[in-house]
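Please find below a short note for a reader who is meeting this structure for the first time. The points are numbered so that each can be checked separately.

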2 protein chains.
Amino acid sequence: MPKNESPSQAIRLNEEHVAENMTRTREEHATELAEDYVEAIADLIDEHREARVTDLARLFAVTPATVNNTIARLQKAGLVTSEKYRSIFLTNSGRELAEQCKARHETVYRFLLSLGLSHKIASRDTEGIEHHCSPETLRAFKKLADEAGSS
Amino acid sequence: MPKNESPSQAIRLNEEHVAENMTRTREEHATELAEDYVEAIADLIDEHREARVTDLARLFAVTPATVNNTIARLQKAGLVTSEKYRSIFLTNSGRELAEQCKARHETVYRFLLSLGLSHKIASRDTEGIEHHCSPETLRAFKKLADEAGSS
DNA sequence: CAATATTTTTAGCACATGCTAACTTGACAT
DNA sequence: ATGTCAAGTTAGCATGTGCTAAAAATATTG
């Protein structure tokens, strides 16, 4: 193998850039689940006054044991309150996060619909995309969705 | 707490739907890293004829130990070949995946640019979004990006 | 109220993804 | 050629996110 001349001046690969983005993506992953949980809990409370382990397990297609595990982390993070054998509630902080997430979700969803995608596809892709949109991108999405909506 | 009447007919929460989407998102996560790796390896090989552990470590802002670990998994998955103390290469399957990823990345990036976002923001958000776009959404993105590009 | 069914919790496991520290190998310069 | 330094590897650990199986608590129902 040839000696290699210090790959500092890559054409496609701006290293700092890529590294930053990877790091951010890793961090986002850590919060995605939390966001999904608080959003689901908020919705469940809206509809049934409480969110139970079983509801969440069904919703996320995981076992109750997994929900428990995750709830413990969310509690440590100050997003939910939970007492043994009782249902789960949001802290103020959790409620706030849930609202932000719901708004963001709405924006992405409406945006994808405005591109002409089906509800099914839009709903599916929103789930994956919503956690990775910067404020700038969200603003752009919102603008487009609003324009399309008013026509 | 009141008895709850089987939350099967939720308004916002279509359970099967949500469950499906969550399951898919989990699966996507499992492949994201693999995709990022093969794409980076392909780029490195393009530019330096080989991809070394150190290059990948720098690129992803992780330690060489972590790269090693991940490469072992990619090898088990049949995406790369790697021998001790040698640089890393793609299998046919890995090369194919890398190409798909690069195309997808390009599409998402050009699309975000076409919304008027800066290179920096577009590049950042592409990293997060690209792994979660269905073929349908990608098609829509591509169409819009192409239209904007030709003006 | 007692028997049964459901829900929740716990313990123990697995795997992915990261880390540090210590060791080995390879490359280069004198 | 050899000694030093960089690169790669290994072992051991942590955390997140999932699982199963068994135990405990709660709820329902005869």
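The points below take up the basis of the note, the pairing of the chains and the surface near the DNA.

1. This is a predicted model, in which local features need pLDDT of at least 70 and side-chain atom pairs count only at pLDDT 80 or more, while totals for chains, interfaces and linings use all residues. Residues are numbered from 1 along each chain as its sequence is written, chains are lettered from A and ligands numbered from 1 in the order in which they are written, and side-chain values use heavy atoms, with hydrogens and water left out.

2. A turn of 180° with a shift of 0.0 Å along the axis lays chain B on chain A with an RMSD of 0.0 Å (superposed by least squares on the C-alpha atoms of residues with pLDDT of at least 70 in both). This is the relation of a two-fold axis. In chain B, the C-alpha nearest that axis belongs to B:Ile129, at 2.6 Å from it.

3. Between chain B and chain A, 57 residues of the one are in contact with 57 residues of the other, contact meaning heavy atoms within 4.5 Å. The two chains bury about 5200 Å² between them, 60% of it on carbon and sulfur atoms (accessible area, 1.4 Å probe, lost on being put together and summed over both).

4. Across this interface the rule finds 0 salt bridges (a side-chain nitrogen of Lys or Arg within 4 Å of a carboxyl oxygen of Asp or Glu). H1(B) gives the most to the side of chain B that touches chain A, with 20 residues.

5. Turning to the DNA, 20 residues surround strand C, and the closest are A:Arg26, A:Thr54, A:Asn68, A:Lys84 and B:Arg73; a residue is near the strand if one of its heavy atoms lies within 4 Å of it. Of the atoms of DNA strand C within 4 Å of the protein, 79% belong to sugar or phosphate, and the rest to bases.

6. Which element gives the most to the surface near DNA strand C? H3(B) does, with 4 residues.

7. Phosphate oxygens of DNA strand C figure in several individual distances. One is 2.8 Å from a polar backbone atom of A:Tyr85, a backbone N or O atom of B:Thr63 lies 2.9 Å from a phosphate oxygen, and for B:Thr66 an N or O atom in the side chain is 2.6 Å from a phosphate oxygen.

Conventions. A polar contact is a pair of N or O atoms within 3.5 Å; within protein, one must be able to donate a hydrogen and the other to accept it, and residues adjacent in sequence count only if both atoms are side-chain atoms. Helices (H or I, at least four residues) and strands (E, at least two) are DSSP runs, numbered from the N terminus.
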